[in-house]
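Trainee: Could you take me through one part of this structure closely, and then connect it to other places worth a look?

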Amino acid sequence: MKNTILLLLCLMVASQSIAQNPSIISTVNRGEANFNPLLEPFYHGVASGDPLSDAVIIWTRITLDDISGNVDVNWKICTDTELNNIVQAGVFSTNEDRDYTVKIDVQGLDPNTTYYYGFSYDGMSSMTGRTRTAPVGDMERLRFGVVTCSNFGQGYFSAYSRLADRNDLHAVIHMGDYYYEYGTSTNAIPGREDLCPTNEILTLSDYRIRHGFYKLDFDLRRIHQQHPMIITWDDHEVANNAWLDGAENHNAGEGDYQERKSAAIQAYMEWLPIREQENDNQRVYRKFSYSDLADIIMLDTRHEGRDEQQALEDSIIWTVEDRTILGQEQYEWFLNELETSTAQWKVVGSQVLFTPVSTLGALDNMDAWDGYPAERNRVVNFIDSMEIDNIVVITGDIHIALAGDVALDPFEEYDPITGSGYDPENGDGACAVEMITPSISSNNLDDTDVDLPIPISAVPAFALSINPHGKFLNVVDHGYFILDLDNERAQGDWYWLDSKLTPNSGEYQEHTWYTLDGENFLRIDSIAATDIVPAPDPAPGEPTVSIEELKENSGFTILSAFPNPTKDIHLLNYALEKTQQVKIDLLDSSGKFIKTLKEEKQVSGVYTLQMNVEKLPAANYILQIYIGNQLKSYKVSKL
Ligand SMILES: [Fe+2]
């Protein structure tokens with residue numbers, strides 16, 4: 001009988017480069033494998049997020065050989081790094097319906113307090129996480145790391161580790177593009193060719209595997225371990241240049257867009273420490289109160305209500321009055337939050353660039369607020385007319401770093417009689433400021449083949465010459481910025497990686513801009529904000545394994561296998577700790593051999609095996625995996 005199973009894809013592997021620098025080896029098991037077998041069964045680390053003054057989300061994922069049924073995971077939250085002084089503890093039951101993720105909204109906590117937390121199962125413990133609740137009342141100072149755009153194949157996530165090294169942050173704010181939906185790229189940098197699954201992600205299984213793959217990254221595990229994250233999604237969490245009902249990177253051949261979007265949202269809510277809204281798991285726009293000093297207003301300019309992007313040439317369409325990037329409900333919510341906020345600083349998280357930017361004399365970023373000018377004007381006019389001061393817009397998405405003032409028309413000379421226009425000398429006409437964070441690793445202008453009419457080194461000076469409200473522009477480097485707030489000023493300090501091409505890169509600080517209370521005008525400074533003391537202790541680092549030890553290890557771990565039951569495509573996701581012969585057999589339910597699906601030598605890495613079982617008769621089957629002298633098997637039901 002001709003077997004109809006088709007092995008479509010298989011995976012790849014990491015031609016992982018072995019770190020040459022001894023200091024790299026001594027701190028982490030980097031370069032050889034992001035998968036750390038010593039973290040069993042919590043390989044994906046721990047995370048926390050969405051801090052309130054009395055609550056915070058804590059998260060992990062449990063990976064067991066038995067890939068079905070309920071699993072009870074113990075959790076505890078404590079005041080010490082050794083996890084002895086327990087404040088609260090409990091049990092969370094998880095199962096395959098939520099991809100064995102564990103997410104608890106721990107309540108009844110004290111404000112502005114550092115906690116340490118961990119999970120355990122059957123005598124095995126997770127790494128310890130550190131988190132922090134939001135403060136209330138008077139607060140002298142707040143500090144946040146702001147990040148965006150981490151593409152695995154395009155660079156190491158060293159910037160995440162440099163933030164994880166810090167003990168002075170209240171939280172990390174992630175502006176989205178946490179992962180990318182694309183399939184394997186031939187342009188991946190050396191050591192980062194791995195990707196699971198290898199195809200562009202479309203289904204719930206795909207999105208789950210991509211989340212899991214990213215969370216095996218050492219630096220991403222570290223930042224989640226050390227800081228609570230306030231995260232929002234941008235387009236790539238579903239597909240490039242997404243809007244309410246579609247995306248540039250989605251075509252009819254890829255199925256129904258709403259189904260794809262629902263799958264992406266489900267996996268997002270499973271795999272990230274974000275608080276889900278009652279009756280609306282798509283809603284991620286929300287506010288965080290950080291004492292009387294700041295409100296953080298997180299918008300969803302992507303998936304909530306955005307009208308489709310239009311081409312620059314179609315100005316009749318994109319300039320119409322009723323076009324929206326927020327959707328009516330969110331728009332009203334946003335204005336109400338701005339109007340009613342009593343906090344000194346209103347930090348507005350907008351994935352995409354808010355202020356108008358001229359490039360060659362034309363406004364051409366139709367994917368940003370520039371493509372929705374009528375709605376932006378309504379927001380700016382509202383801020384102006386209500387005389388709301390101290391708005392700091394923070395932005396990601398565009399793989400550049402920029403700081404600037406926000407004015408209704410920054411290209412017109414300021415008119416003191418009408419109050420229109422903008423004066424770059426003193427900020428007259430400006431009503432807010434904007435700070436854009438560079439990408440963690442995603443390609444900048446200099447990493448792409450874009451043909452520029454001028455040398456790249458001349459781009460910042462040229463761009464600033466035609467954008468009088470711009471203060472500085474960097475189009476080539478990667479990193480993050482620190483938002484530091486006190487009663488006198490809101491300040492951005494930009495930090496840059498030495499290189500995104502090597503693991504564990506160092507960093508340097510350059511560019512500091514601040515606005516004084518009530519000024520809405522960015523001024524330059526030469527010194528970054530000073531340390532905050534006392535700083536809480538870091539959570540202990542994860543157990544490390546040397547490269548030599550890894551090579552002695554012969555294990556393999558099934559990370560996930562779904563969907564099960566399966567109608568057409570079944571995905572087996574596993575990690576291999578050293579180069580070994582891999583053999584995967586398909587058996588019938590009685591254990592009788594049907595076919596060998598795969599037999600080959602694979603080097604250490606993480607793999608997704610995609611099997612098309614569409615033409616297989618409906619029945620139960622067994623997948624048997626032999627690696628080295630180990631054997632693991634599980635049942636698959638074909639519908
Ligand atoms: Fe991006």
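Mentor: T608 sits in strand 30, which covers residues 605-612, and in this predicted model T608 counts as buried because its relative accessibility is 2%, under the 20% cut-off for that label. The side chain of T608 is joined to the side chain of N573 by a polar contact of 3.2 Å.

From there we can turn to the metal site. The iron ion has as its protein donors C149 through SG, D177 through OD, Y180 through OH and H399 through NE2, at 2.1 to 2.5 Å from the ion. The angles subtended by these four donor atoms run from 84 to 165°, and the arrangement is therefore irregular. Along the sequence, the donor residues follow the spacing C-x27-D-x2-Y-x218-H. Y180 belongs to the loop between strand 11 (171-174) and helix 3 (204-215), while H399 belongs to the loop between strand 18 (391-395) and strand 19 (401-407), so this pair ties together parts that lie 219 residues apart in sequence. Both Y180 and H399 are buried.

Helix 3, which bounds the loop of Y180, leads us to the helix packing. Two packed helices are described by the angle between their axes and the distance between the axes. For helix 3 and helix 5 (residues 257-271), the angle is about 35° and the axes are 8 Å apart, and the crossing is right-handed. On the helix 3 side, the residues that meet helix 5 are L204, Y207, R208, H211, G212 and K215, and their counterparts in helix 5 include R260, A263, A264 and W271.

R260 also appears among the contacts of E254, a residue that touches E200, L202, N249 and R260 when residues up to four places away in sequence are not counted. E254 itself is found in the loop between strand 14 (246-247) and helix 5. As for A47, the C-alpha atoms of E254 and A47 are 32 Å apart in space, with their positions 207 residues apart in sequence.

Finally, consider helix 4, which spans residues 218-226 and is mostly covered, with nine of its nine residues buried. Among those buried residues are the charged-letter names you may want to find on the display, including D219, R221 and R222, together with F218, L220 and I223. At the start of helix 4, a side-chain oxygen of D217 comes to within 2.9 Å of the backbone nitrogen of D219, and D219 is itself one of the buried residues of the helix.

Key: Residues are numbered from 1 along each chain as its sequence is written. This is a predicted model: local features need pLDDT of at least 70, side-chain atom pairs count only at pLDDT 80 or more; totals for chains, interfaces and linings use all residues. Side-chain values use heavy atoms; hydrogens and water are left out. Donors are N, O and S atoms within 2.8 Å of the metal (3.2 Å for Na, K and Ca); water is not among the atoms, so sites may look incomplete. Four donors count as tetrahedral if all angles lie between 85 and 135 degrees; four count as square planar and six as octahedral if opposite donors are over 155 degrees apart and all others between 65 and 115; anything else is irregular. Helices (H or I, at least four residues) and strands (E, at least two) are DSSP runs, numbered from the N terminus. Buried means under 20% relative accessible area, exposed over 50%, partly exposed in between (1.4 Å probe, protein chains only). A polar contact is a pair of N or O atoms within 3.5 Å; within protein, one must be able to donate a hydrogen and the other to accept it, and residues adjacent in sequence count only if both atoms are side-chain atoms. Axes are lines fitted to C-alpha atoms, for helices over the stretch in contact, and angles run from 0 to 180 degrees between N-to-C directions. A crossing is left-handed if the near helix is turned anticlockwise from the far one by less than a right angle, and right-handed if clockwise. Contact means heavy atoms within 4.5 Å.
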